[in-house]
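Here are some notes to read with the model open beside you. I have gone through it point by point and kept each one short.

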Amino acid sequence: MTSTEAVNPRFAAVESWPLADAMEAMLEGQFSAVAAVRPAVASVATAAAAAAERLKVRGRLIYVGAGTSGRIAVQDGVELGPTFGWADDRLGFVIAGGMGALSHSAESAEDDPVEARTALAALSLNADDVVVGVAASGRTPFTIAGLEEAQAVGALAVAISNNPAVPLFDAADHAILAETGAEVIAGSTRMKAGTAQKVILNLFSTGTMLTLGRVYRGLMVDMVISNDKLAERAVNMVVDLAGCSTSAARRALADTRGDIKVSVLMGLGASVDAAKAALSASDGHLGPAIAAMHHTR
């Protein structure tokens with residue numbers, strides 16, 4: 001039995017506790033879940049750096065999981081587009097039971113390794129890709145098969161689990177462990193284990209995007225402008241980073257169809273073509289592109 005499935009005697013009668021006391025215990029578990037991530041930070045950083053290197057030119061970030069772990073993985077992935085401008089065609093999800101399992105339980109699907117292999121084959125998985133497998137137990141056949149398939153084609157395989165020395169880690173290039181232990185409600189890994197997984201995925205994906213140059217001075221400079229609030233935020237970014245007027249920022253964003261990085265360089269005096277060339281030369285990193293502009297003046 002894995003530690004995430006174990007029964008903690010302390011909570012054997014938790015249903016008979018005063019509700020506020022039970023919730024205090026649950027909250028305590030959430031704090032411990034976050035604390036369990038700290039020893040893994042170096043491993044997460046190493047994995048994110050490797051992922052960024054693989055994704056620098058092409059390749060996709062593909063999440064594999066079942067049940068709670070799969071749902072948490074999808075939540076992380078779908079936010080990369082609006083936050084960092086990560087293209088939909090560079091993102092993939094392989095979820096036990098299909099995407100319908102996000103809203104309707106398909107727990108038995110986690111035992112089917114063939115489904116994972118078939119789904120990855122349908123995506124034409126290749127060596128340019130990064131596959132992230134998430135499983136609290138570390139023993140989920142579906143997720144293990146996904147990482148095995150990744151390694152078979154030379155894709156980068158990243159495993160996230162809440163138990164040490166598990167088969168999932170054997171199928172990974174990078175193993176990330178957050179040992180959260182027994183749950184308040186035995187086996188309910190949507191609680192502590194799930195919280196730790198979400199924290200790790202936040203760190204991993206954000207770290208990958210930082211390394212790829214999709215953040216500058218703490219700002220989401222590859223953000224997709226999809227509503228009025230974000231449009232105003234983009235204008236403020238261009239004004240702050242370029243030191244130009246609000247009207248100039250609005251014109252630049254209109255001319256570039258919302259490309260914040262190009263608009264910043266235009267706000268600094270570059271033409272559209274020169275701005276795009278500078279960004280291309282810096283692999284999309286805004287800081288070096290600005291420095292190169294200043295150097296050539």
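1. Is alanine 165 buried or exposed? Before going on, please keep in mind that this is a predicted model. Alanine 165 is exposed, because its relative accessible area comes to 74%. You will find alanine 165 in the loop that runs between β4 (156-161) and α7 (167-170). Its backbone deserves a look too: the phi of alanine 165 is near 50°, a positive value in a residue other than glycine.

2. Aspartate 283 makes a nice companion to that point. Aspartate 283 also has a positive phi, of about 55°, although it is not a glycine. This residue is in the loop between α12 (272-281) and α13 (286-296). With a relative accessibility of 55%, aspartate 283 counts as exposed.

3. Now for the chain as a whole. The chain holds 13 helices and five strands. Its C-alpha atoms fill a box of roughly 70 × 50 × 35 Å along the principal axes. There are 297 residues in the chain, and 48% of them count as buried. Among contacts with a separation of 6 or more, 65% are made by residues 24 or more positions apart.

4. A word on surface and charge. About 13600 Å² of the chain is exposed, and carbon and sulfur atoms supply 55% of that area. The chain carries 23 positive and 31 negative charges, and the mean positions of these two sets are 9 Å apart.

5. Which residues does threonine 180 touch, beyond those up to four places away in sequence? They are Thr4, Ala33, Ala36, Asn162, Lys192, Ala193 and Ala196. With asparagine 162 there is also a polar contact, side chain to side chain, of 3.5 Å. Threonine 180 belongs to the loop between β5 (174-177) and α8 (192-211). Threonine 180 counts as buried because its relative accessible area is 8%, under the 20% cut-off.

6. Arginine 60 is a charged residue that I would look at closely. Its place is in the loop between α2 (41-55) and β1. Is arginine 60 buried or exposed? Arginine 60 is buried, at a relative accessible area of 15%. Its side chain makes a polar contact of 2.6 Å with the side chain of aspartate 129. A polar atom of the arginine 60 side chain also lies 3.1 Å from the backbone oxygen of serine 124. Outside its neighbours within four places in sequence, arginine 60 has contacts that include Leu55, Asp89, Arg90, Leu91, Asp128 and Val130.

7. Helix α3 (residues 67-78) is next. Its twelve residues reach 17 Å from first C-alpha to last, close to the 16 Å expected at 1.5 Å a residue. The buried residues in α3 are Gly67, Ser69, Gly70, Ile72, Ala73, Val74, Asp76 and Gly77. What covers them? The cover includes β1 (61-65), α4 (80-84), β2 (91-95), β3 (130-135) and α8. As background, an α-helix has 3.6 residues a turn, so residues three or four places apart point the same way.

8. Why is helix α11 (residues 260-267) described as largely enclosed by the rest of the structure? Because seven of its eight residues are buried. Those residues of α11 are Ile260, Lys261, Val262, Ser263, Val264, Leu265 and Met266. At the start of α11, a side-chain oxygen of aspartate 259 comes within 3.2 Å of the backbone nitrogen of lysine 261. After α11 comes glycine 269, with a positive phi near 115°.

9. Last, glycine 146, which sits in helix α6 (residues 141-153). Glycine 146 counts as buried because its relative accessibility is 0%. Apart from neighbours within four places in sequence, glycine 146 is in contact with Val64, Ala116, Leu120 and Val131. How many residues lie between the sequence positions of glycine 146 and alanine 292, counted as a separation, and what is their C-alpha distance? They are 146 residues apart in sequence and 43 Å apart in space.

Terms used. Residues are numbered from 1 along each chain as its sequence is written. This is a predicted model: local features need pLDDT of at least 70, side-chain atom pairs count only at pLDDT 80 or more; totals for chains, interfaces and linings use all residues. Side-chain values use heavy atoms; hydrogens and water are left out. Helices (H or I, at least four residues) and strands (E, at least two) are DSSP runs, numbered from the N terminus. Buried means under 20% relative accessible area, exposed over 50%, partly exposed in between (1.4 Å probe, protein chains only). A polar contact is a pair of N or O atoms within 3.5 Å; within protein, one must be able to donate a hydrogen and the other to accept it, and residues adjacent in sequence count only if both atoms are side-chain atoms. Contact means heavy atoms within 4.5 Å. Accessible areas come from the Shrake-Rupley method with a 1.4 Å probe; for residues, only the protein chains shown count as cover. Lys and Arg count as positive and Asp and Glu as negative; His and the chain ends are not counted. The place of a charge is taken as NZ of Lys, CZ of Arg, CG of Asp or CD of Glu. The expected span of a helix is 1.5 Å times one less than its number of residues.
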